[in-house]
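Hi,

Here is the structure we talked about handing over. Please have a look, and then read my notes below.

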Amino acid sequence: MSRSKTVKDYIRTIVDFPHEGIMFRDVTTLFADPRGFRMAIDQMLHPYAGERIDKVVGLEARGFILGGAIAHQLSVGFVPIRKKGKLPGTTISEEYKLEYGEAIVEIHDNAIQPGEKVLVVDDLLATGGTAAAGIKLIERLGGEIVSCAFIIDLPDLGGRKVLEEMGMDVHVLCEFEGL
């Protein structure tokens, strides 16, 4: 008797990308399969059935794909958090550290209204730096984070702990050990 496929089964691993020693978890194979993609969106939504959510925030770039689909299912607005210089209009920014340097993400200064309930989504939780920066931007605008949802967690990199120490609820669909 064969078991049913899980979200994890749709994700391919590319060895030594983008650098030697990295096991890149590629969700494009999940997105390309209609059953896999539907399964991922449904499972990301499930914990929030009956919760008030006003906006879905997607972190650049694969979080846009997930966030748009989830916002559509919830019939709420979608807000992108992008790399510095990619959004037109007035923005606020947050700098954060990467393992090899620093980066800056931005959000429109009027994208979230005070008191709005926000779900943050992305494909992968690694060190938590991008998500933490996004959370800080949302909170600066007065948004209240309902939860953070990811397809993949890389627990060895500690991102979940970082977000939980910020008081965030974290939901993930699957984990992969290692880098």
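H171 sits in strand β9, which covers residues 170-175. This is a predicted model, so read everything here as computed from it. H171 is buried, though its relative accessible area is 19%. The cut-off for buried is under 20%, so H171 qualifies with that value of 19%.

What does H171 touch, leaving aside residues up to four places away in sequence? One group of contacts is Q43, M44, P47 and Y48. The other is S147, C148, A149 and F150.

C148, one of those contacts of H171, leads to the cysteines. A search of the whole structure finds 0 disulfides. C148 is in none, and the nearest cysteine sulfur, that of C174, is 17 Å away. Why is C174 not bonded to C148? The sulfur of C174 has its closest cysteine sulfur in C148, at 17 Å, and that is too far for a bond. A disulfide needs the two sulfur atoms within 2.5 Å.

Both cysteines are covered. C148 is buried, with a relative accessible area of 0%. C174 is buried too, with a value of 8%.

Now the chain as a whole. How many helices and strands does it have? There are 5 helices and 9 strands. Starting at the N terminus, the order is β-β-α-α-β-α-β-β-β-β-α-β-α-β.

On overall dimensions, the radius of gyration of the chain is 16 Å. A compact globule of 179 residues would have a value near 16 Å, so the two agree. Along the principal axes, the C-alpha atoms fill a box of roughly 50 × 40 × 30 Å.

Burial and contacts come next. Of the 179 residues, 44% count as buried. Take the contacts between residues at least 6 apart in sequence: 58% of them join residues at least 24 apart.

Last, the surface and the charges. The chain exposes about 9300 Å². Carbon and sulfur atoms supply 51% of that area. The side chains include 20 positive and 27 negative ones. How far apart do the centres of the two sets lie? They are 4 Å apart.

To recap the local part: H171 is in β9 and is buried at 19%. Its contact C148 is buried at 0% and is in no disulfide.

Best wishes

How values were computed
Residues are numbered from 1 along each chain as its sequence is written. This is a predicted model: local features need pLDDT of at least 70, side-chain atom pairs count only at pLDDT 80 or more; totals for chains, interfaces and linings use all residues. Side-chain values use heavy atoms; hydrogens and water are left out. Helices (H or I, at least four residues) and strands (E, at least two) are DSSP runs, numbered from the N terminus. Buried means under 20% relative accessible area, exposed over 50%, partly exposed in between (1.4 Å probe, protein chains only). Contact means heavy atoms within 4.5 Å. The radius of gyration is taken over C-alpha atoms; the globule rule is 2.2 Å times the number of residues to the power 0.38. Accessible areas come from the Shrake-Rupley method with a 1.4 Å probe; for residues, only the protein chains shown count as cover. Lys and Arg count as positive and Asp and Glu as negative; His and the chain ends are not counted. The place of a charge is taken as NZ of Lys, CZ of Arg, CG of Asp or CD of Glu.
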